[in-house]
Amino acid sequence: MTLDKNDPAKVFRIKIISMGNSDTGKSCIIKRYCEKRFVQKYLMTIGIDFGVTKVTVGDRDVKVNIFDFAGHPVFYEVRNEFYRDVQGVMLVYDVTNRASFESLDAWIKEMKSELGAKHIAEFDSAYFIVCANKVDKKQARVVDELEGRLWSDARGYPYFETSALNGDGVSEMFKCLFDGVVEAVISGKKPQPIPVQLGYNTEQIEAIKKLKSGRDNYERLGIAQNCTKEDINKAYRRLAVLLHPDKSVAPGSEEAF
Ligand SMILES: Nc1nc2c(ncn2[C@@H]2O[C@H](COP(=O)(O)OP(=O)(O)OP(=O)(O)O)[C@@H](O)[C@H]2O)c(=O)[nH]1
């Protein structure tokens, strides 16, 4: 990276990478932004794709080097060379594929372990952003917005719902990513996203999920089959208070109550 903090006329160079499982739409999001087009056919990235784009952040011209990682595990040996000197990370999952959401932690772990203790400061200073991609596929969606936001908020990463197909959220996501990286580089501090005031919490969401998916009433109440009558009453009262429609605005509270 070239940076002279005192000279706004100097061009910044920043390094961005895309991370996430295969087929989540990483290449398509980048193409949507850089080339304003959508590629319907799945063309697996082999190793790494590299591209350069220029943007303006405030009064600075910024040259962005984008390294689009192949998501397939077979390319691990290729991508592990590229984790050094990264300033921005676009973490992508596919809202129609739960495994891709559940893999996000493994991606972070891969980056951390590749950097190792020696370069962990680079991980700590990198600016991460989350793309919940393919939101146009409404019927097939299995990871809802709330889950994605809670995961992202818990780690301090800004969250965006994107569609490479119709472009929804893509420019906003890149703007936030570039602004965040440039601010972090200039000030040495990562800007903190403002958490969305959801008005409900993880405990309420977990309770609703359990009530919806539980195989029997014991599972729905979160108690063992050999519990006492008092345990049943206690669990029932706890859930009734937690999900009372006067107290909870979490989606599905009313039905669950
Ligand atoms: N409906 C819909 N399809 C998408 C979207 N983004 C990508 N796709 C499709 O998903 C498939 C995979 O997209 P890619 O961008 O190649 O996925 P990738 O994450 O780069 O995959 P790897 O190169 O294997 O890591 C392609 O068939 C795309 O057309 C989207 O927002 N909506």
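Start by selecting D85, in the loop between α2 (76-79) and β4 (88-94). This is a predicted model, and in it D85 has a positive phi of about 60 degrees although it is not a glycine. Is D85 buried or partly exposed? Its relative accessibility is 49%, and because exposed begins over 50%, D85 counts as partly exposed.

Next, select D23. Like the previous stop, this residue is in a loop: D23 lies between β1 and α1. The backbone of D23 has a positive phi, about 75 degrees, and D23 is not a glycine. With a relative accessible area of 41%, D23 is partly exposed.

**The strand before that loop**

Select residues 12-19 to show strand β1, and pick out F12 within the strand. How much relative accessible area does F12 have? The value is 0%, so F12 is buried. To get a sense of distance, add G167 to the selection. F12 and G167 are 155 residues apart along the chain, and their C-alpha atoms are separated by 27 Å.

**The ligand and its surroundings**

Now select the ligand. The space taken by the ligand is the largest pocket. Which residues are closest to the ligand? They are S22, V39, Y42, T45 and G71, out of 26 residues that surround the ligand. Colour this shell by class and you will find 10 nonpolar, 10 polar and 6 charged residues.

Which helix gives the most residues to the shell? Select residues 26-35: this is helix α1, and its contribution is 3 residues.

Then show the ligand's oxygen atoms and step through three residues, checking one distance at each.

- G25: a backbone N or O atom of this residue lies 3.0 Å from an oxygen atom of the ligand.
- S27: an N or O atom in the side chain is 2.8 Å from an oxygen atom of the ligand.
- C28: a polar backbone atom is 2.8 Å from an oxygen atom of the ligand.

On its own, the ligand has 660 Å² of accessible area, and the protein covers 94% of that.

**A side-chain pair**

Move to residues 104-115, helix α4, and select E110 there. Which side chain does E110 contact? Add R79: the side chains of E110 and R79 make a polar contact at 2.8 Å. The relative accessibility of E110 is 15%, and since buried means under 20%, E110 counts as buried.

**The segment after α11**

Find α11 (253-256) and continue into the segment after this helix, where F257 is located. F257 is partly exposed, its relative accessible area being 48%. Add L242 and draw the distance between the two C-alpha atoms. F257 and L242 are 15 residues apart in sequence, and the C-alpha to C-alpha distance is 9.0 Å.

**The whole chain**

Finally, clear the selection and show the protein chain as a cartoon. How many helices and strands does the chain have? There are 11 helices and 6 strands. Along the principal axes, the C-alpha atoms fill a box of roughly 70 × 40 × 35 Å. The chain has 257 residues, of which 44% count as buried. F12, with a relative accessible area of 0%, is buried, and E110, at 15% relative accessibility, counts as buried too. D23, D85 and F257 are partly exposed.

Conventions: Residues numbered from 1 in each chain as written. Predicted model: local features only at pLDDT ≥ 70, side-chain atom pairs only at ≥ 80, totals over all residues. Heavy atoms only, no water. Helix = DSSP H or I, 4+ residues; strand = E, 2+ residues; numbered from the N terminus. Buried < 20%, exposed > 50% of the residue type's maximum accessible area, 1.4 Å probe, protein only. Near = heavy atom within 4 Å. Polar contact = N/O pair within 3.5 Å; in protein donor to acceptor, adjacent residues only side chain to side chain. Areas by Shrake-Rupley, 256 points an atom, 1.4 Å probe, with all protein chains shown as cover. 1 Å grid on protein atoms, 1.4 Å probe; cavity = no way out; pocket = protein on both sides within 12 Å on 5 of 7 lines; lining within 4 Å. Sits in = over half its atoms within 2 Å of the grid points. Nonpolar A, V, L, I, M, F, W, Y, C, P; charged D, E, K, R; others polar.
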